[in-house]
Every structure is written in structure tokens, then in C-alpha cells.
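Work through the following exercises with the sequence and the coordinates at hand. Each task is followed by a solution that goes step by step.

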Amino acid sequence: MAFAAKIITRSLSTSATRQAAIKHVTVIGSGLMGAGIAQVAAQSGHTVTVVDMTDEILQKAKGSIQKSLARVAKKKFADDPSGGETFVKETMGRLHMATDPKQAVGSADLVVEAIVENLEIKQTLFSLLDENAPQHTIFASNTSSLPIHDIAISTKRLDRFGGLHFFNPVPVMKLLEVIRIPETSDDTFNSLMGFGKAVGKVTVQCKDTPGFIVNRLLLPYMIESVRMLERGDASVRDIDTAMKLGAGYPMGPFELCDYVGLDTTKFIIDGWHKKHPEHPLFQPSPMLDKLVAEGKLGMKTGEGFTSMENKATCDKYNNLATERNLKTALGIQHKLVDARLHRMLINK
């Protein structure tokens, strides 16, 4: 019994040490998501290196992180302004900026990628990082729509690869989806879960399924709402109202689609459809394709689904929806939207 207890104690100690070993974090990408991930990591005591293409981009990100920290400090240290100042100063002191990813991963325990949703670009990046990062370094992608395994195969460390899907704004949103592929080792997975908890997130685990949990459920719901509109079943306003008052959702599906961006929604559903062409939930929407082709992308352009009600264009689309061949009526043009415009589904 004493021997068994010793083995168990040693095992628990080793596991805890491995989880605690994540002290140095490298975040690739300093956009909204990357900056947010860097902030929560630095806030929780990690040394963080943020990597992007130019010093100008990095300084802009650094400024946004400092402003965000000031807001956190104002709330967290409402009765202790000097404590708030110390909090911001110490957190910023743990942040470092770099333009060379090869050097930036040299001492990293964890690398989190938060760049454009383009599989080839991510694969190229991770292949480069794999050649320069220490053997113990864990790799993670913040992708919201691409398969983690498809990204991981560009490296020789599939057992040290997983997904960390944060939600925007990262400092505020409590959820973190932790994704494991079949090759992800238990040590790696436990370390990722431990990191998520260390940065103050509520972690949920999921297999490498399209969209993971949140987006896998949310995107088909949004697309089905568009299909209801295409069929003329109900208006934008009535569908949104029904889901807010009947289901208790804070936003209707069309409000959410406009908020996320119609181009982002299209990009994700098109990607899923390409990989799973027979899946009924992943079928493209002619109306969505039409609006994106016209440059009506939601809040970012000022025109989208919810503006259709105010501009009397909704009737036009509803009338078209009653025709037998909606795709022909709308004159669909399938265009590849610039991947650099595509942000995470819930993130923008």
C-alpha cells in the first residue's frame, strides 16, 4: 500500500509539474483575438511574447492591450487606484513584442496561433515553428472553423497539438473550448485545460468536429433562419423577435449574422460544405451568397439582413424566394472572399 501510494503521489506530482510548466507563452497574431489572448495570459502571470509582421502593428496592439487593462483595473481596483496602476504596469511588463516567429518560440512552453482563417497559411506557419520550437513546446490553434488535425499534420508533434478556441472579447468572455485530436496526448490535453483555468476561463472539451461545440450548433441555426427567409416563411423582424422572446436569446439570428459578418458566416459554411458536401446542415445559402457578392456584409458595411427591413428590400427577396428556382432568380455569383477578412464566428 505504501509503495502504491508513493507511485500515485509521484504521478500526481509529475502531472501537476507538467501543467505548471506553461510559464512562457508565445501568441502568433496581434489582432483582436491575439491581443486578447496575450492580455489574459499576461494578467495571470505568464510571460508573453506577441508576434506579428511589423513593429507598427505590434505597437497598435500593445496600446489596445494597455487600454483594455486600464478598464479591467478600474473595475477590479475601484477602491484602490494605486493597486490598479501596479496591476497594469506589472502585466504590461510581462508582455514582449517580436517580428521574428522563429526566435519568439525559442523559449516557449505554449504557442497559440491566432492568425487569418486560411489553412495553407496556418500550415506554413506551424511547419516553420515546429523546426524552431523546443521539443516540449505545445502548439495550439485558436481557429473557430478549420479542423485542428488538418493544421497539426504540418508538424511532427501531433501529440503536442490541440485547439484553444477563445471567444471575443477574450478578457470578458468566460468560455474556452479545448480541442483534442486523436493524437493529442493526455499530458498535452491536461496542460491545455490547466492553462485555460489559469487564465480564468471556464473550459469545455470537445473532439475535432466542425465548429467544435458553439459554432457547430450556432451556424446551422443561423443558416436555417436564412433558409426560412428564402422560402418566405417569415420576415427578418419576426424571426428575430420570435427567437428573442420565445427562446430567450439576447439577439435574433439575423442580428447575430450581421454582427458576426455575412462574409464570415459564408466563409465558414462554405468551408464545411467543401469538406462535407452531403451534410444537409452545411448546404450554402443562395441569399447569403447574393448579399456577400453585393458587398452587404452586415454591421461592418452598414447593410445586411436587418437593414433589409428598413430599406424595403426584404419584400424583393421574399418575392424571389417564392419562385421555383431561387438560385437562378438571384443570379448567384460564387466568389471567394478574401481570407484576410474572415474573423472567428463569435469573435467580431
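**Exercise 1: a residue in a helix**

Task: determine whether A38 is buried or exposed, and place this residue in its surroundings.

Solution. A38 has a relative accessible area of 0%, and is therefore buried, where buried means under 20% relative accessible area, exposed over 50%, and partly exposed in between (1.4 Å probe, protein chains only). The model is a predicted one, in which local features need pLDDT of at least 70 and side-chain atom pairs count only at pLDDT 80 or more, while totals for chains, interfaces and linings use all residues. Residues are numbered from 1 along each chain as its sequence is written, and side-chain values use heavy atoms, with hydrogens and water left out.

The next step is to locate A38, which lies in helix α2 (residues 32–43); helices (H or I, at least four residues) and strands (E, at least two) are DSSP runs, numbered from the N terminus. Leaving aside residues up to four places away in sequence, A38 touches V27, V48, V50, I65 and L95, a contact being heavy atoms within 4.5 Å. Finally, the C-alpha atoms of A38 and I28, which are 10 residues apart along the chain, are separated by 9.4 Å.

**Exercise 2: the faces of α3**

Task: compare the span of α3 with its expected value, and find which residues of α3 are buried.

Solution. The 22 residues of α3 should span 32 Å at 1.5 Å a residue, and the end C-alpha atoms are 31 Å apart, which agrees; the expected span is 1.5 Å times one less than the number of residues. The buried residues of α3 are L58, A61, I65, S68, L69 and A73. Seen down the axis of α3, these residues fall within an arc of 145 degrees, so they line one face of the helix, the arc being that of the directions from the helix axis to the C-beta atoms. As background, an α-helix has 3.6 residues a turn, so residues three or four places apart point the same way.

On the face of α3 turned away from its buried side are the exposed residues E56, K60, K67, R71 and K74. The buried residues of α3, in turn, pack against α2, β2 (47–51), α4 and β3.

**Exercise 3: the faces of α4**

Task: carry out the corresponding analysis for α4, asking which of its residues are buried and what they pack against.

Solution. Helix α4 (residues 81–93) has 13 residues and reaches 18 Å from its first C-alpha to its last, close to the expected 18 Å. Its buried residues are G83, G84, F87, V88, T91 and M92. They cover an arc of only 165 degrees around the axis, which puts them on the same side of α4. The face turned away from that buried side carries the exposed residues E85 and K89, whereas the buried residues of α4 pack against α2, α3 (55–76) and β3 (95–98).

**Exercise 4: a residue in a strand, and the whole chain**

Task: find which residues T203 touches, and state what percentage of the protein chain counts as buried.

Solution. T203 is in strand β8 (residues 202–207) and is buried, with a relative accessible area of 15%. Not counting residues up to four places away in sequence, T203 touches L176, V178, M193, G196 and K197. For the protein chain, which has 16 helices and eight strands, 47% of the 348 residues count as buried. Among contacts between residues at least 6 apart in sequence, 69% join residues at least 24 apart.
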